[in-house]
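Please open the structure in your viewer and keep the sequence at hand. The tour below goes from stop to stop, saying at each one what to select and what is there.

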Amino acid sequence: MADAENKSIDQGTIELIKKAASDGVNTAFDRAEAMKPCPIGAVGSCCKHCGMGPCRVPLPKGKEETPEEKLNRRGICGATAETIAARNFIRMIAGGAAAHSDHGRGVAELFIAAAKGEAPGYQIRDEQKLLALALEWGIEIGDRSNEEIAVDIGEKALAEFGRQEGEILFMRRAPLKRQELWRQQGVAPRGIDREIVEIMHRTHMGVDQDYENLLKQGVRASIADGWGGSMIATELQDILFGTPSPVLSQVNLGVLKEDEVNIIIHGHEPLLSETIVAAALDPQMVELAKSKGAKGINLAGICCTANEILMRHGVPLAGNFLQQELALVTGAVDAMVVDVQCIMESLPDIAQCYHTKIITTSPKAKIRGADHIEFDEHKALEGAREIVKVAIENFPNRGSNVKIPKEQQDLIAGFSHETINYLLGGLFRASYRPLNDNIINGRIRGVAGVVGCNNPRVTHDDVHVRMIKELIKNDVLVIQTGCSAMAAAKAGLMVPEAAAKYAGEGLAEVCETVGIPPVIHMGSCVDNSRILMAATAMVKDGGLGDDISDLPVAGAAPEWMSEKAISIGQYFVASGVFTVFSVTWPTTGSKEVTDFLFKEMEDKYGGMWAFEPDPIEAAYMMIEHIDKKRKALGIDKARERVLYDMAMRRELEEV
Ligand code: XCC
Ligand code: SF4
């Protein structure tokens with residue numbers, strides 16, 4: 001591993017990549033080097049939707065192609081490069097929307113069980129939010145108990161997945177103009193499952209063979225994700241586990257402890273991990289840990305389960321997606337508990353080289369070689385205790401080959417859409433007014449949602465951090481979720497002091513006044529719905545137009561890899577947000593499809609996709625879009641605009 005230094009910007013990560021090499025352990029970093037992406041699949045030109053194929057229809061090489069040549073460049077069924085690229089793209093949306101939404105469904109089911117008293121250990125934690133949602137959904141409050149109301153809410157939420165007609169309920173939360181636009185375009189989702197199933201139907205061999213019509217269904221399913229499944233997950237989790245409020249914690253592998261039982265929770269669903277938090281605090285468990293020679297029990301998270309538990313309990317983050325294998329390489333993890341999504345199948349094999357127990361918990365996600373302790377909501381606490389016990393009992397098996405990097409960073413997390421409201425406006429007149437005012441007066445140039453994964457095709461965390469630094473330097477407030485949030489946190493951007501150090505003058509002034517970091521952690525991937533709500537709140541507060549597409553905002557996923565990221569990006573775009581992805585773009589095998597996503601979508605939805613691998617260039621695309629929106633709103637004069645050329649930008653970046 002001669003070039004471990006280029007694999008990450010995080011010293012602890014580099015150290016562990018080297019340790020993995022000397023321990024003879026292969027990680028995603030090595031596999032990415034050994035396996036180059038298939039050039040035909042990478043551009044969306046490989047179709048394997050039937051047994052006549054797989055068929056490959058890449059772009060013509062070199063010169064313009066004649067109509068005859070174009071006619072020949074088809075799959076066996078006659079499918080064109082456009083159809084194949086569009087089908088592949090919306091199947092990614094289906095995969096992503098399904099993942100988020102199935103998570104939401106699981107929450108709704110637990111919610112109902114908890115309300116009926118069938119899930120001991122769970123209770124309604126946010127009564128205010130429960131009642132607000134009951135009002136919103138027209139559920140009778142009267143003198144009914146919280147539990148009775150919650151049963152109705154849970155059932156109504158669950159019905160959203162199987163809804164066959166009409167419109168999903170949370171769509172009504174969007175600005176009126178946006179709702180109208182969706183209806184006009186014919187993309188108002190009927191039911192969450194229905195839109196996903198329809199993608200699978202339409203992309204079957206010989207069904208929908210018009211790329212525009214295919215992409216339209218992709219939009220519809222993505223809205224069913226962001227304003228449907230994901231939003232249900234976030235809302236019901238908040239009611240059940242508590243709406244996050246600002247909390248101080250730590251991030252990076254340095255949070256693992258040499259002398260304590262280390263348990264990592266990894267994946268996406270907080271259902272079980274909420275009870276693991278409780279079990280790890282149980283004095284009996286702590287006693288047991290001490291009897292095994294440990295000083296205590298240390299819980300830490302990876303990926304979005306981590307974000308969930310961080311947001312609500314301040315549990316530290318061990319790391320993001322590409323650090324999951326390396327956490328095992330420390331040799332200090334006694335158990336890693338996983339649920340669903342973003343879990344590498346290599347974990348049990350790597351665990352074999354150390355002493356770690358890998359425990360799968362979801363009936364939907366087993367891994368060969370892992371232990372399975374299934375999550376049962378009716379006895380969640382028992383299950384959680386069993387898991388914690390396995391970890392404790394494994395502590396004495398820890399070998400001497402232990403290396404915990406010292407890197408760790410403070411961060412402030414826990415910014416829900418509601419707390420931003422309170423922080424800005426104060427408890428008694430909660431509002432987004434101060435944010436809007438500071439955007440109008442130009443101290444804040446705009447807002448960027450920077451989200452998404454890690455991808456070993458680029459230097460770990462580097463693309464996130466460079467983009468975010470460039471944005472805040474230019475007075476763009478950054479709001480975040482997912483693994484991107486962890487990248488920024490590790491780089492020290494999520495503490496209030498970061499404002500003076502990295503932010504432009506205007507943004508720094510606002511952050512210092514309010515006492516917030518210039519980069520705001522809003523949670524997990526399903527919590528991108530919080531970003532939709534924040535954007536809607538900005539519209540409703542007035543002065544910045546009457547739709548999300550009028551706002552000086554932009555979105556990005558600088559190191560994306562998952563299908564969920566594509567679904568998120570598409571619902572950002574469908575909601576009116578200019579959204580730029582880096583690393584790779586999955587439709588370049590068809591110019592028509594790519595042009596449609598990058599250009600024509602703006603005419604239809606006011607937001608569009610873009611692709612730019614260079615994080616600084618991408619940041620400037622976002623800034624230019626923000627400035628374009630400021631100009632349209634007539635608030636561009638408030639800012640003295642300095643236009644840099646690329647050379648000047650580079651120089652500035654080096655400073
Ligand atoms: Fe997975 Fe959500 Fe991506 Fe991280 S960011 S790699 S999806 S954990 Ni959503
Ligand atoms: Fe080939 Fe058409 Fe079958 Fe796809 S659906 S594999 S393009 S024949």
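**A tour in seven stops**

Begin by selecting Leu 240, which is buried, with a relative accessible area of 1%. As with everything on this tour, what you see is a predicted model. Leu 240 sits in helix α10, which covers residues 211-241, and if you leave aside its neighbours within four places in sequence, Leu 240 is in contact with Leu 110, Phe 111, Ala 114, Gln 123, Ile 124 and Arg 125. Now add Ala 300 to the selection: Leu 240 and Ala 300 are 60 residues apart in sequence, and their C-alpha atoms are 21 Å apart in space.

**The whole protein**

Before the next residue, zoom out and show the whole protein, in which there are 27 helices and 16 strands. The radius of gyration is 24 Å, close to the 26 Å that the globule rule gives for 655 residues, so the protein is as compact as a globular protein of that length. Taken along the principal axes, the box filled by the C-alpha atoms is roughly 75 × 60 × 55 Å.

If you colour by burial, 62% of the 655 residues count as buried, while the area that the protein exposes comes to about 24400 Å², with carbon and sulfur atoms supplying 51% of it. Among the contacts with a separation of 6 or more, 75% are accounted for by residues 24 or more positions apart. Colouring by charge brings up 71 positive and 92 negative charges, whose mean positions are 3 Å apart.

**Gln 480, in a strand**

Select Gln 480 next, in strand β12, which is made up of residues 476-480. Gln 480 is buried, with a relative accessible area of 0%, and its side chain makes a polar contact with the side chain of Ser 484 at 2.7 Å. Beyond its neighbours within four places in sequence, Gln 480 is in contact with several residues, including Val 450, Ile 468, Ala 485, Ala 488 and Met 494, as well as Val 519, Ile 520, His 521, Met 522 and Gly 523. If you also select Asn 528, you will find its C-alpha 8.1 Å from that of Gln 480, although the two are 48 residues apart in sequence.

**Thr 330, in a loop**

Move on to Thr 330, which lies in the loop between α14 (324-329) and β7 (335-338). Is Thr 330 buried or exposed? At 0% relative accessibility, Thr 330 counts as buried, since the cut-off for that word is under 20%.

Two polar contacts can be picked out here: a polar atom of the side chain of Thr 330 lies 2.6 Å from the backbone oxygen of Ala 327, and the side chain of Thr 330 also reaches the backbone nitrogen of Ala 332 at 3.1 Å. Leaving aside neighbours within four places in sequence, the residues in contact with Thr 330 are Leu 16, Lys 19, Leu 256, Asn 401, Val 402, Lys 403 and Pro 405.

**Asp 547 and its partner**

Now select Asp 547, in the loop between α23 (528-541) and β14 (553-557). With which side chain does the side chain of Asp 547 make a polar contact? The partner is Arg 178, and the distance is 2.9 Å. Asp 547 counts as buried, at 2% relative accessibility, and, not counting residues up to four places away in sequence, Asp 547 touches Pro 175, Lys 177, Arg 178 and Val 539.

**Backbone stops**

For the last stops, switch the display to the backbone, keeping in mind that most residues other than glycine have a negative phi, and that most peptide bonds are trans.

Select Asp 461, in the loop between β11 (446-450) and α19 (462-473); this residue has a positive phi of about 75° although it is not a glycine, and at 1% relative accessibility Asp 461 counts as buried. Then go to Val 583, in the loop between β15 (578-581) and α25 (591-605), where phi is again positive, at about 70°, in a residue that is not a glycine. Val 583 is buried, with a relative accessible area of 18%.

Finish at Pro 54, whose place is in the loop between β1 (46-47) and β2 (55-56). The bond to look at is the peptide bond from Gly 53 to Pro 54, which is cis, with omega near -5°.

Notes: Residues are numbered from 1 along each chain as its sequence is written. Chains are lettered from A and ligands numbered from 1 in the order in which they are written. This is a predicted model: local features need pLDDT of at least 70, side-chain atom pairs count only at pLDDT 80 or more; totals for chains, interfaces and linings use all residues. Side-chain values use heavy atoms; hydrogens and water are left out. Helices (H or I, at least four residues) and strands (E, at least two) are DSSP runs, numbered from the N terminus. The radius of gyration is taken over C-alpha atoms; the globule rule is 2.2 Å times the number of residues to the power 0.38. Buried means under 20% relative accessible area, exposed over 50%, partly exposed in between (1.4 Å probe, protein chains only). Contact means heavy atoms within 4.5 Å. Accessible areas come from the Shrake-Rupley method with a 1.4 Å probe; for residues, only the protein chains shown count as cover. Lys and Arg count as positive and Asp and Glu as negative; His and the chain ends are not counted. The place of a charge is taken as NZ of Lys, CZ of Arg, CG of Asp or CD of Glu. A polar contact is a pair of N or O atoms within 3.5 Å; within protein, one must be able to donate a hydrogen and the other to accept it, and residues adjacent in sequence count only if both atoms are side-chain atoms.
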